[in-house]
Amino acid sequence: MTELTPERLAARAAQEAAMRRFTWQLVAVGAVILAVSAWLAGLDFAVGVLLGFGVILLNFIWTKSAVRSVLFSERPRGLLTLSFLVKFGITGVVLFYAILRLQVDAIGVLVGLSSLLLASVVFALDPGRSRR
C-alpha cells in the first residue's frame, strides 16, 4: 500500500467531492427525465423510466464502492471481477422479470438507463467543476 501523503489525501478528497457531485447530478438528471416522461408519456412509461433509473443508480453506487474498496484497501482485485459479474447478473434478472413478467415499458426502461449518459454529459460540461 502506498503512503498517504498530504498531496495524496488532498487528491483523494477532491476525487470524493467530484464523485459526490456526479452522484447528485445523476439524481437530478434522473428526476428531470422522470418528471418530463410522466408529463409527456404517462405513468406507465414513467414507471419504466423509474425502474431504469433505479437500476442505473444502484449499479453506479455499487460499482463506485467496489472500485473504491479495491483501490484503497488490501482486498484482492479478483473480487472486483466477481462483483461485476454478480451485479450484471442481478441487473439482467431484474430487468428481464420487470419487462417480461410485470409488463414494464421497455422503452421507458431504456430511457431511465440512459440517464447515466446524460448525467455524464452534464458533468463534463459543468462550468463549476475545476479543470486541471
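## Buried or exposed

A residue counts as buried under 20% relative accessible area, as exposed over 50%, and as partly exposed in between. The model described here is predicted. Phenylalanine 84 has a relative accessible area of 25%, so it is partly exposed. Phenylalanine 88 has 52% relative accessibility, so it counts as exposed. Asparagine 59 has 11%, so it counts as buried.

## A stacked pair on helix α3

Three aromatic pairs turn up in a search of the whole structure. One of them joins phenylalanine 84 and phenylalanine 88. A pair of aromatic rings is described by the distance of the centres and the angle of the planes. Here the centres are 6.4 Å apart and the planes differ by 20°. Planes under 30 degrees apart count as stacked, so this pair is stacked.

Both rings belong to helix α3, which runs over residues 78-101. They sit four residues apart, about one turn of the helix. An α-helix has 3.6 residues a turn, so residues three or four places apart point the same way. Phenylalanine 88 has another partner: lysine 87 lies over the face of its ring, at 4.7 Å from the ring centre.

## The length and buried residues of α3

How far apart are the end C-alpha atoms of α3? They are 34 Å apart. The helix has 24 residues, and at 1.5 Å a residue it should span 34 Å, so the two values agree. After α3 comes glutamine 103, whose phi is positive, near 60°.

The buried residues of α3 are Leu80, Ser83, Lys87, Thr91, Leu95 and Ala98. Their cover includes α2 (43-71) and α4 (106-113).

## A polar link from α2

Asparagine 59 lies in helix α2. Its side chain makes a polar contact with the side chain of threonine 91, at 3.2 Å. Which residues does asparagine 59 contact, leaving aside neighbours within four places in sequence? They are Lys87 and Thr91. Both of these are among the buried residues of α3.

## The nonpolar cores

In soluble globular proteins, nonpolar side chains tend to be buried together. The largest nonpolar core in this model has 12 residues. They are Phe22, Leu26, Val29, Ile33, Phe45, Val49, Phe53, Ile56, Leu57, Phe60, Ala119 and Phe123. The elements that give two or more residues to this core are α1 (6-41), α2 and α5 (115-125). Helix α2 gives the most, with six residues. Another core lies apart from this one. It has five residues, among them Val55, Ala98, Val104 and Val109.

Some members of the largest core have further links. Phe22, Phe60 and Phe123 form one aromatic cluster. Leucine 57 touches Leu26 and Val27, not counting residues up to four places away in sequence.

## Helix α1

Helix α1 has 36 residues. From its first C-alpha to its last, α1 reaches 51 Å. That is close to the 52 Å expected at 1.5 Å a residue. Glycine 42 follows α1, and its phi is positive, near 100°.

Which residues of α1 are buried? They are Phe22, Thr23, Gln25, Leu26, Val29, Gly30, Ile33 and Ser37. What covers them includes α2, α4 and α5.

Key: Residues are numbered from 1 along each chain as its sequence is written. This is a predicted model: local features need pLDDT of at least 70, side-chain atom pairs count only at pLDDT 80 or more; totals for chains, interfaces and linings use all residues. Side-chain values use heavy atoms; hydrogens and water are left out. Rings of Phe, Tyr and Trp (its six-membered ring) pair if their centres lie within 6.5 Å; planes under 30 degrees apart count as stacked, over 60 as edge-to-face and the rest as tilted. Buried means under 20% relative accessible area, exposed over 50%, partly exposed in between (1.4 Å probe, protein chains only). A charge sits over a ring if NZ of Lys or CZ of Arg is within 6 Å of the ring centre and within 35 degrees of the ring normal. The expected span of a helix is 1.5 Å times one less than its number of residues. Contact means heavy atoms within 4.5 Å. A polar contact is a pair of N or O atoms within 3.5 Å; within protein, one must be able to donate a hydrogen and the other to accept it, and residues adjacent in sequence count only if both atoms are side-chain atoms. A nonpolar core is a set of buried Ala, Val, Leu, Ile, Met, Phe, Trp, Tyr and Cys residues joined through side-chain atoms within 4.5 Å.
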